Amino acid sequence: MYEAIADYLHQALDHQLEQWRSNLPPSLQFSDAESADNSASPAHVIAKAMLRSRYLVAKFHIGRPFLYKALHAPLFTNDTEYNEVREGLRGGMFWPTTMGLCTQMLSALPLKFGWCCQCFGQVLLFNAVARSPDQKLRATLPVGWQEWVHIMMTLIESCARDSPGIARDAELLRLL
């Protein structure tokens, strides 16, 4: 029964997310494989990157219950649920600050502490999956996840110069 309800909710959320993406103005629509680097202006780069990352991060959040299950009850996690974890982790790698030209425009990043807190959590999560004793869970890590963690660490460390709190987070992450 739980699996049927979870599947229904997942399908409903996925459908709503696809409707949201298809209803964006044509100039802001994007595909999964598109690069944000092809946009005309810095403002457009940021807007499109934010929308694309919101979509992909929503995919991450839709997959979070499956990730929780895989971390805590791997014996009861099926292949379909591991696939949801895989898609969620892939989506979780697309925070706007880590994509395209945004990585070169950190001065335009408002509330660095908030973004860095999100990055901190993502780095911890990816490390938990990478160190899991469950081979199936480790296999859900997306291609390029280690480079992505490096990008996140670079962002956190660059922002650490301006914030003692972020500096402490960077120090903790270096211990991993």
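**Close-up views of a predicted all-helix model**

**Figure 1. Glu157 and Arg174 are joined by a salt bridge in this predicted model.** The closest N and O atoms of Glu157 and Arg174 are 3.1 Å apart. The bridge links distant parts of the chain, since Glu157 belongs to helix H6 and Arg174 to helix H7, with their positions 17 residues apart in sequence. Glu157 has a relative accessible area of 31% and is therefore classed as partly exposed, whereas Arg174, at 51% relative accessibility, counts as exposed.

**Figure 2. The protein chain as a whole is built from seven helices and zero strands.** Read from the N terminus, its elements follow the order α-α-α-α-α-α-α. The chain has 176 residues, of which 43% count as buried, and its accessible surface comes to about 10000 Å², with 60% of that area belonging to carbon and sulfur atoms. When contacts between residues at least 6 apart in sequence are considered, 62% of them join residues at least 24 apart. A search of the whole structure finds eight salt bridges, and some of these appear in the views that follow or in the view above.

**Figure 3. Asp14, Glu18, Arg21 and Lys59 form one network through salt bridges that share partners.** Asp14 is bridged to Lys59, with their closest N and O atoms 2.8 Å apart. This pair connects distant parts of the chain, because Asp14 sits in helix H1 (residues 2-22) and Lys59 in helix H2 (residues 42-72), 45 residues apart. Lys59, at 22% relative accessibility, counts as partly exposed. A salt bridge also joins the side chains of Arg21 and Glu18, at 3.0 Å from N to O. Both of these residues, Arg21 and Glu18, lie in helix H1, where they are three residues apart, or about one turn of the helix. An α-helix has 3.6 residues a turn, so residues three or four places apart point the same way. The two partners fall into separate accessibility classes: Arg21 counts as buried at 13% relative accessibility, while Glu18 is partly exposed with a relative accessible area of 30%.

**Figure 4. Helix H7 (residues 164-174) has four named buried residues, Ile166, Asp169, Ala170 and Leu173.** Seen down the axis of H7, these buried residues fall within an arc of 100 degrees, so they line one face of the helix. What covers them includes helix H4 (112-130) and helix H6 (145-160).

**Figure 5. Ile156 of helix H6 is in contact with residues of H7 that include Ile166, Ala170 and Leu173.** Ile156 is buried, with a relative accessible area of 0%. Once residues up to four places away in sequence are set aside, Ile156 also touches Cys116, Cys119 and Phe120. Between Ile156 and Lys112 the separation is 44 residues in sequence, and their C-alpha atoms are 8.8 Å apart in space.

**Figure 6. Asp134 is a buried residue without a salt bridge, placed in the loop between H4 and helix H5 (135-138).** The nearest side chain of opposite charge to Asp134 is that of Arg138, which is 6.6 Å away; a salt bridge requires the nitrogen and the carboxyl oxygen to lie within 4 Å of each other. The side chain of Asp134 is instead joined to that of Tyr82 by a polar contact of 2.3 Å. Leaving out its neighbours within four places in sequence, Asp134 is in contact with Ala70, Pro74 and Tyr82.

**Figure 7. Gly91 lies in helix H3 (residues 79-92) and is in contact with Leu56, Val57 and Phe60.** Those contacts leave aside the neighbours of Gly91 within four places in sequence. Gly91 is buried, with a relative accessible area of 1%. Gly91 and Arg54 are separated by 37 residues in sequence, while the distance between their C-alpha atoms is 9.2 Å.

Note on methods: Residues numbered from 1 in each chain as written. Predicted model: local features only at pLDDT ≥ 70, side-chain atom pairs only at ≥ 80, totals over all residues. Heavy atoms only, no water. Buried < 20%, exposed > 50% of the residue type's maximum accessible area, 1.4 Å probe, protein only. Helix = DSSP H or I, 4+ residues; strand = E, 2+ residues; numbered from the N terminus. Arc of directions from axis to C-beta. Contact = heavy atoms within 4.5 Å. Areas by Shrake-Rupley, 256 points an atom, 1.4 Å probe, with all protein chains shown as cover. Lys, Arg positive; Asp, Glu negative; His and termini not counted. Polar contact = N/O pair within 3.5 Å; in protein donor to acceptor, adjacent residues only side chain to side chain.
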